[in-house]
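Colleague: I would like to go through this model with you, beginning with its charged side chains. Please explain each term as it arises.

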Amino acid sequence: MKRFIFFIIPIASAFCMIIASCTKNHQYEYISYAVVTTFASEGPGVYNPSGATTSSFNVPSGVAVDGAGNVYVADTENELIRKISPTGVVSNLAGSGQVGSANGTGMTASFSEPLGVAVDGAGNVYVADAGNNLIREISPTGVVTTLAGNGQQGSTNGMGTAASFNFPSGVAVDGAGNIYVADFGNCLVRKINSLGEVTTLAGNDQVGSTNGTGAAASFNLPMDVALDGAGNVYVTDYGNNLIRKISPSGVVTTLAGSGQKGSFNASGTAASFNNPYGIAVDNVGNIYVADKGNNLIREISPAGEVSTLAGISGQSGSANGPGAAATFNQPDDIAVDGAHNIYVADGANNLVRKITQ
């Protein structure tokens with residue numbers, strides 16, 4: 001039976017549980033210059049292995065953008081990694097459309113519930129292959145290899161395929177080739193260096209929200225990671241409804257969120273989120289969050305001020321238009337390009353959206 005990220009998520013610890021609730025605590029503060037459009041897809045669609053494809057998606061859960069404006073999508077329930085050109089042309093980069101863990105080129109490779117994607121400066125794409133407990137790499141020519149993980153659930157550190165993960169959900173890459181992983185089921189943030197060695201950057205395998213250094217800190221279902229130019233790692237701490245920050249030396253602090261579910265705009269820990277999912281950082285230090293449970297796109301300024309960039313609090317839909325008039329339906333992931341255009345994997349709408357600022 002196929003697992004759906006909306007309802008059932010495998011976890012390493014019996015304590016890693018998602019408690020769904022809805023808090024109607026809204027402060028309507030919008031950034032007026034944001035305009036939302038549909039970048040790709042016209043609704044739900046399933047890839048046809050015989051060769052016919054459409055520009056439709058089936059629960060797109062991850063999105064990344066390269067320096068040339070190409071957008072990469074983890075098309076989760078189609079078991080594909082898709083590529084969208086700057087003009088909106090959709091193609092299949094890798095995946096057979098069937099569940100598997102085969103390495104190979106293009107359609108000969110296979111994935112199982114790919115969630116997060118990231119792309120480096122050379123055009124290599126990294127995939128959090130959640131259902132396989134693997135981190136995969138796709139070359140610019142579409143050759144898929146396993147970068148790290150042995151396929152078994154675990155939290156073992158080590159070189160490449162000697163290491164283990166538990167439902168890795170988000171990935172990010174820095175300029176030196178280090179990969180950062182939101183190891184969702186283990187409640188850890190992991191690091192894969194340029195040699196392929198996997199270590200634990202922060203977290204201790206236990207559920208919590210403690211700040212501290214390295215293993216002294218704790219998370220509750222970290223979903224996604226993003227990096228700024230100074231090497232700080234930002235984490236959507238999904239189960240805690242928090243945005244966390246990890247310094248290059250591994251010191252974990254809470255950047256934003258009170259820990260209570262809500263959609264309140266304010267500074268730092270006075271603000272609130274509802275199951276924040278995807279995260280991205282632009283080149284001037286603004287942080288963007290796909291606030292999945294609120295159907296919102298939020299922005300955190302470098303000073304820690306939280307505002308709503310797009311979406312109507314508490315309302316799901318697929319309306320395009322100015323930020324305050326646009327709607328989303330459980331947005332999963334978010335990416336930002338050098339021109340500050342934002343791309344959203346609008347999961348339950350089966351769309352990829354674009355926000356122009």
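Colleague: Which residue forms a salt bridge with arginine 298?

Modeller: This is a predicted model, in which local features need pLDDT of at least 70 and side-chain atom pairs count only at pLDDT 80 or more, while totals for chains, interfaces and linings use all residues. Residues are numbered from 1 along each chain as its sequence is written, and side-chain values use heavy atoms, with hydrogens and water left out. A salt bridge is a side-chain nitrogen of Lys or Arg within 4 Å of a carboxyl oxygen of Asp or Glu. For arginine 298 the closest N and O atoms are 2.7 Å apart, and the partner is aspartate 291.

Colleague: Is arginine 298 buried or exposed?

Modeller: Arginine 298 is located in strand 23; strands (E, at least two residues) are DSSP runs, numbered from the N terminus. Buried means under 20% relative accessible area, exposed over 50%, and partly exposed in between, with a 1.4 Å probe and protein chains only. Because its relative accessible area is 0%, arginine 298 is classed as buried.

Colleague: Which residue offers its backbone oxygen to a polar atom of the side chain of arginine 298, at 3.1 Å?

Modeller: A polar contact is a pair of N or O atoms within 3.5 Å; within protein, one must be able to donate a hydrogen and the other to accept it, and residues adjacent in sequence count only if both atoms are side-chain atoms. The side chain of arginine 298 makes such a contact with the side chain of aspartate 291, at 2.7 Å. The backbone oxygen lying 3.1 Å away belongs to phenylalanine 264.

Colleague: How many residues apart are lysine 292 and aspartate 332?

Modeller: Lysine 292 and aspartate 332 form a salt bridge, with the closest N and O atoms 2.7 Å apart. The pair links distant parts of the chain: lysine 292 is in the loop between strand 22 (287–291) and strand 23 (296–300), and aspartate 332 is in strand 26 (residues 331–336). Their separation along the chain is 40 residues.

Colleague: Why is lysine 292 classed as buried?

Modeller: Its partner, aspartate 332, is buried because its relative accessible area is 0%. Lysine 292 is buried because its own value is 6%.

Colleague: How many residues are in the largest nonpolar core?

Modeller: A nonpolar core is a set of buried Ala, Val, Leu, Ile, Met, Phe, Trp, Tyr and Cys residues joined through side-chain atoms within 4.5 Å. Those with the most contacts inside the largest one include Ile297, Leu309 and Phe328. Strand 22, strand 24 (306–310), strand 26 and strand 27 (342–346) each supply at least two of its residues. The size of this core is 15 residues.

Colleague: What is the bridge partner of valine 235 in strand 19?

Modeller: Two strands pair if DSSP finds at least two bridges between them. Strand 18 (residues 233–237) and strand 19 pair in the antiparallel sense over 5 bridges. Within strand 19 (residues 242–246), 4 of the 5 residues are buried. The bridge partner of valine 235 is arginine 244.

Colleague: Which residue forms a salt bridge with arginine 244?

Modeller: The closest N and O atoms of this pair are 2.7 Å apart. Both residues of the pair are buried. The partner of arginine 244 is aspartate 237.

Colleague: Which residue in the turn between strand 18 and strand 19 has a positive phi?

Modeller: These strands form a hairpin with 4 residues between them. The phi in question is about 60°, and the residue is asparagine 241.
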